[in-house]
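Let's work through a few questions about the model shown below. Keep the structure open while you read.

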Amino acid sequence: MSFTTADVVKLRKATGAGMMDCKNALTEAEGNFDRAVDIIRERGKLVASKRADREATEGVVLAKVTADQKFGALVVLNCETDFVAKNEKFIAFTQQILDLAIANQPANLEELKALSLEGRTVEAHVTEQTGVIGEKLDLSYYGKVSAEYVTAYIHPGNKLATLVGFNKAGFEVQIAKDVAMQVAAMNPVAINRESVSQEVVEKELEIAKEKFRQEGKPEAMLDKIAMGALNKWFQESTLLEQTYVKDGKISIKEFLAQNDKTLTVTAFDRFALEG
């Protein structure tokens, strides 16, 4: 399988590795992009890849919850330039779509696009605005969380938003906000280690073993060393085990327990635009 300079640039953007490292990885992987990412990770040259955010260019990311705080929605409307993304009318249009999602709670993105907005479908409105604005627009993502209590967080600039669901209501609002900001800042891959798929666990173990093998560690020790690396990965990558960023000494699980021993997170969603 061949690859182009654009593939090398894409791999560099996804991994943070150098151009030559990316070219060599793609050569070794015979052009297979996913395998090339793994090769770079195995060599310890990946600088940013716990979980790559979905591909996007410019645009707006907004999130909101219902009045009863039991449902939250997150939408992403893409455009081509930051100039359009910062336009008040563009942001207001995105908010209209979000409000519609909150009111109707569609099951997926296709259902959201099919909803009626002022007599036409959301998808038709997006197409129409493409002609008005003169840039390609794309309603690229819709996320939702249902729980006993849901909170939303939009990072200043409208490029990153999160939703977090909890197993109960009646606790301090600031606690929920802090956890939503934690999700924004630390980009966890799952709530806890139990909710990480076996496929992902096995892949992380293989990546760790290959990395330590290349470092010259004895073959007989690789399984044990890799398990230690996996435990560290769980602590860095799963929400409840992550260090609480506003404290630095306790985990999110411990932070929640300090306030209510039965309080926990049941779901979350996060989207960030690249760049």
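Before we start: angles over 145 degrees count as roughly antiparallel, and those under 35 degrees as roughly parallel. Also, this is a predicted model.

Q: Are helices α8 and α11 roughly parallel or roughly antiparallel to each other?
A: Take α8 (residues 173-186) and α11 (residues 252-259): they pack at an angle of about 175°, with their axes 11 Å apart. Anything over 145 degrees falls in the antiparallel class. So α8 and α11 are roughly antiparallel.

Q: How many residues of the contact of α8 with α11 are nonpolar?
A: From α8 come I175, D178, V179 and Q182, and they meet I252, F255, L256 and N259 of α11. Sort the residues of this contact and you get one charged, two polar and, for the nonpolar ones, five.

Q: What should helix α10 span, going by its 16 residues?
A: Helix α10 covers residues 222-237, and we reckon 1.5 Å a residue. The rule multiplies that by one less than the number of residues. Its end C-alpha atoms are 22 Å apart, which agrees with the expected 22 Å.

Q: Which exposed residues does α10 carry on the face turned away from its buried side?
A: Start with the buried ones in α10: L222, A226, L230, W233, F234 and S237. They cover an arc of only 110° around the axis, so they sit on the same side of α10. The face turned away from that side carries the exposed K224 and K232.

Q: How does T57 count in terms of exposure?
A: T57 sits in the loop between α3 and β1, and it touches N78, C79, L273 and E274, leaving out residues up to four places away in sequence. Buried means under 20% and exposed means over 50%. T57 has 49% relative accessibility, so it counts as partly exposed.

Notes. Residues are numbered from 1 along each chain as its sequence is written. This is a predicted model: local features need pLDDT of at least 70, side-chain atom pairs count only at pLDDT 80 or more; totals for chains, interfaces and linings use all residues. Side-chain values use heavy atoms; hydrogens and water are left out. Axes are lines fitted to C-alpha atoms, for helices over the stretch in contact, and angles run from 0 to 180 degrees between N-to-C directions. Helices (H or I, at least four residues) and strands (E, at least two) are DSSP runs, numbered from the N terminus. Angles under 35 degrees count as roughly parallel, over 145 as roughly antiparallel, 65 to 115 as roughly perpendicular and the rest as oblique. Contact means heavy atoms within 4.5 Å. Ala, Val, Leu, Ile, Met, Phe, Trp, Tyr, Cys and Pro count as nonpolar, Asp, Glu, Lys and Arg as charged, and the others, Gly among them, as polar. Buried means under 20% relative accessible area, exposed over 50%, partly exposed in between (1.4 Å probe, protein chains only). The arc is that of the directions from the helix axis to the C-beta atoms.
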